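Student: I should like to examine how the terms used for this structure are justified. May we begin with the vocabulary?

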Amino acid sequence: MIELKKLSKVFDSTSGSVEALRDVDLTINDGEIFGIIGLSGAGKSTLVRCINLLERPSSGQVLIDGQDMTALSRPELLKMRRSISMIFQGFNLLEQRSVLKNVCFPLEISGVKRQAAEKKTLELLKLVGLEEKADKYPAQLSGGQKQRVAIARALATDPSICCATRPPAPWTPTPPALSWSCCAPSTRPWA
Ligand SMILES: Nc1ncnc2c1ncn2[C@@H]1O[C@H](COP(=O)(O)OP(=O)(O)OP(=O)(O)O)[C@@H](O)[C@H]1O
Ligand SMILES: [Mg+2]
């Protein structure tokens, strides 16, 4: 379960401050797929980034299964983050690595043996319909295909929470555009 309590975030800079989040209270239960819709710049990505403390809130609490993320030590936070995956707005794929190696990457850094990592990766690529692109590089993929690689990569370590922000949509007709972010604490298969 994810609980946000009176969560606020202010970005300070020399040119002034931006209040991105103010007193957000939110509960997302296990198994729930939760979408956040709002105008561009409304604070959706900031809110999602606060969940695993990629962005540290200015005030308020982030509780994951009752554990206050803001109270964790650095090593405890790094451990907790392993169970929370993120699909970033720009996907953040590694351009020098093939699709297979991109999806393998989180498994590699968590010490999974190469053969097991590749087996898992191929299953995930099948799940997202990209098994034939395993040897391609991100530059050879469409935007939607890149997004699916990012989804496969986010699921590689069987996270208990998956957070996603929508891809940039410069084609949206009338700015400011409505867009979405979502969080899903889940242990369910994603097929
Ligand atoms: N690192 C930062 N420093 C200063 N201001 C920031 C920073 N990150 C975000 N902001 C500001 O905080 C506000 C919320 O930004 P955020 O990225 O959360 O919006 P969003 O709802 O995800 O928008 P979009 O739909 O366009 O992705 C915006 O006004 C943005 O300019
Ligand atoms: Mg955003």
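Tutor: Helices (H or I, at least four residues) and strands (E, at least two) are DSSP runs, numbered from the N terminus. The model is predicted, so local features need pLDDT of at least 70 and side-chain atom pairs pLDDT 80 or more, while totals for chains, interfaces and linings use all residues. Residues are numbered from 1 along each chain as its sequence is written, and chains are lettered from A and ligands numbered from 1 in the order in which they are written.

Student: Which element gives the largest share of the shell around ligand 1?

Tutor: Helix 1 does, with three residues. A residue is near a molecule if its C-beta atom, placed from the backbone, lies within 6 Å of it. The shell has 14 residues, the closest being Phe-11, Ser-40, Lys-44, Ser-45 and Thr-46. Strand 1 (2–13), strand 2 (16–28) and helix 1 (44–51) each give two or more.

Student: What makes strand 6 and strand 7 a pair?

Tutor: Pairing requires at least two DSSP bridges between two strands. Four bridges join strand 6 to strand 7 (residues 161–165), and the two run parallel. Ile-87 stands opposite Ala-164 in strand 7.

Student: Why does the largest nonpolar core lie between domain 1 and domain 2?

Tutor: A nonpolar core is a set of buried (20 or more other C-beta atoms within 10 Å of the residue's own) Ala, Val, Leu, Ile, Met, Phe, Trp, Tyr and Cys residues joined through C-beta atoms within 7 Å. Of its 37 residues, Val-103 and Ala-152 touch the most other members. Helix 5 (residues 143–155) gives the largest share, six residues. Domain 1 (1–83 + 160–191) and domain 2 (93–158) both give residues to this core, so it lies between them; the bounds come from an automatic or database domain assignment.

Notes: Buried ≥ 20, exposed ≤ 12 C-beta atoms within 10 Å, placed from the backbone.
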